[in-house]
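User: Please take a close look at the surroundings of the first ligand in this model, and then place them in the context of the rest of the chain.

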Amino acid sequence: MSLLPSLLFVLMVTMAAAGPLCPGFYSQTCPQAEAIVRDVMRKAMATEPRSVASVMRFQFHDCFVNGCDASLLLDDTPSMLGEKLALSNINSLRSFEVVDEIKEALEKACPGVVSCADIIIMAARDAVALTGGPDWEVRLGRRDSLTASQEQSSNIMPSPRTNASSLIDLFSKYNLSVQDLVALSGSHSIGEARCFSIMFRLYNQSGLGKPDPAIDPGFRATLDKLCPLDVDQNVTGALDATSRLFDNQYFKDLVAGRGFLNSDQTLFTFPQTREYVTLFSNDENEFFKAFVEGMLKLGELQSGQPGEIRTNCRKVNSQAVDV
Ligand code: HEM
Ligand SMILES: *[C@@H]1O[C@H](CO)[C@@H](O)[C@H](O)[C@H]1NC(C)=O
Ligand SMILES: *[C@@H]1O[C@H](CO)[C@@H](O)[C@H](O)[C@H]1NC(C)=O
Ligand SMILES: *[C@@H]1O[C@H](CO)[C@@H](O)[C@H](O)[C@H]1NC(C)=O
Ligand SMILES: *[C@@H]1O[C@H](CO)[C@@H](O)[C@H](O)[C@H]1NC(C)=O
């Protein structure tokens with residue numbers, strides 16, 4: 001009887017919504033946290049260079065769906081369809097095992113302290129820093145969600161066919177500006193995409209059996225060879241000409257009509273976004289500055305829902321607790 005109120009109190013404290021985020025959130029409770037994350041990311045990159053790009057993408061797919069709460073990392077359960085199989089994620093998101101390794105190392109050093117949501121934010125920053133991009137201080141203190149929504153992820157995350165004006169509308173719902181949209185799209189400076197994501201561009205852009213006229217003819221020949229009509233659509237190509245280096249080559253490629261995805265190339269063909277593409281293609285420092293600003297804003301998105309520090313990023317701590 002008398003235990004009940006204090007048990008409820010403990011539950012309420014451990015499941016509180018995150019407070020304001022701040023730099024050095026773990027400086028007392030897990031001072032090695034950031035070094036541990038970077039170390040695992042460095043090893044992952046040595047083992048498989050693309051993996052750091054794949055992990056970096058998690059920040060976008062996590063934060064746009066109910067805030068940065070690691071809902072993305074939850075596996076399906078009999079009673080909950082997770083986000084991993086949502087439209088934009090299925091057969092596409094990868095390298096979840098790198099986050100598992102980071103979590104394991106952190107649980108060894110400071111059990112129960114560092115959230116999976118913060119791991120995504122630190123690891124995304126590290127992916128950029130390790131591939132030659134800017135390095136910056138991240139704000140931490142996020143908590144991990146108790147649930148996930150496949151339906152919301154499928155409804156929210158943009159397809160590779162999306163044009164710049166739709167992307168502007170989508171990003172504005174998160175208070176992200178046109179500059180944020182263009183700078184954040186510059187994360188496609190690293191990583192790869194599947195033929196599946198560009199078949200329509202190459203062979204049926206507007207339903208007329210023709211390719212996207214914005215593709216440079218030489219580049220289109222390259223893409224046609226990578227992704228012929230009968231290709232295994234899981235085959236991948238580089239998102240820019242220097243896909244292991246975080247640099248402004250992505251924007252130079254867009255200016256030259258050599259963007260990989262329709263959503264990339266449209267940033268140059270649409271006047272609302274073109275000036276930023278031109279600016280970033282000419283000035284890498286401007287790109288890096290705007291990119292860091294965009295990542296910080298993206299990382300601030302929060303659901304306000306109760307959360308916890310998961311022990312295993314793939315599962316909530318206690319499936320049975322009914323709050
Ligand atoms: C602006 C709207 C965006 C669209 C439409 C978009 C779409 C895509 C698509 C279709 C792929 C390839 C998927 C596949 O073929 O399997 C991809 C890859 C990627 N995206 Fe985006 N994306 C966008 C913004 C972002 C943002 C904001 C970030 C990060 C902050 C990001 C990071 C990445 C990375 C790093 C990859 C490569 C992943 C890998 O190699 O595994 N994207 N994106
Ligand atoms: C952009 O895409 C939206 C949604 O598909 C469409 O309604 C709109 O007409 C397109 N805008 C332009 C200028 O092509
Ligand atoms: C965007 O900004 C407005 C006004 O400051 C705020 O009310 C709203 O909650 C913000 N939206 C998001 C998704 O952060
Ligand atoms: C191209 O798209 C149109 C409209 O969606 C469709 O009717 C047609 O069958 C497609 N053609 C090919 C070759 O896929
Ligand atoms: C890609 O591979 C997955 C499993 O590895 C398969 O289920 C899927 O159908 C393939 N996708 C395409 C577009 O071929």
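Analyst:
**The shell around ligand 1**

In this predicted model, three secondary-structure elements each supply at least two residues of the shell around ligand 1: helix H3 (51-63), helix H8 (178-185) and strand S1 (192-194). Of these, H3 gives the most, with 6 residues. The shell holds 27 residues, and Ser54, Ser92, Ser187, Gly191 and Ala193 come nearest to the ligand. By class, the shell has 12 nonpolar, 10 polar and 5 charged residues. Domain 1 (12-157) and domain 2 (164-298) are both represented, with at least three shell residues drawn from each.

The nonpolar interior also draws on both domains, with at least three residues of the largest core coming from each of domain 1 (12-157) and domain 2 (164-298). That core has 64 residues, of which Ile120, Ala123 and Ala127 touch the most other members. Helix H5 (residues 116-130) provides the largest share, 11 residues. Leaving aside residues up to four places away in sequence, Ala127 touches Met41, Val52, Ala53, Val55 and Met56. Another core, of 6 residues, lies apart from the largest one and includes Ile198, Leu202, Cys227 and Phe260.

Ligand 5 offers a second site for reference. The residues around it are Asn91, Phe196, Asp232, Gln233 and Asn234, which divide into 1 nonpolar, 3 polar and 1 charged.

As to annotation, an unreviewed UniProt entry lists residues 20-317 for "domain: Plant heme peroxidase family profile". In the model this span is 47% helix and 2% strand, and its end C-alpha atoms lie 23 Å apart.

Conventions:
Residues numbered from 1 in each chain as written. Chains lettered and ligands numbered in written order. Predicted model: local features only at pLDDT ≥ 70, side-chain atom pairs only at ≥ 80, totals over all residues. Near = placed C-beta within 6 Å. Helix = DSSP H or I, 4+ residues; strand = E, 2+ residues; numbered from the N terminus. Nonpolar A, V, L, I, M, F, W, Y, C, P; charged D, E, K, R; others polar. Domains from an automatic or database assignment. UniProt positions renumbered as here; feature names shortened; annotations may be inferred. Core = buried A, V, L, I, M, F, W, Y, C linked by C-beta atoms within 7 Å. Buried ≥ 20, exposed ≤ 12 C-beta atoms within 10 Å, placed from the backbone. Contact = placed C-beta atoms within 7 Å.
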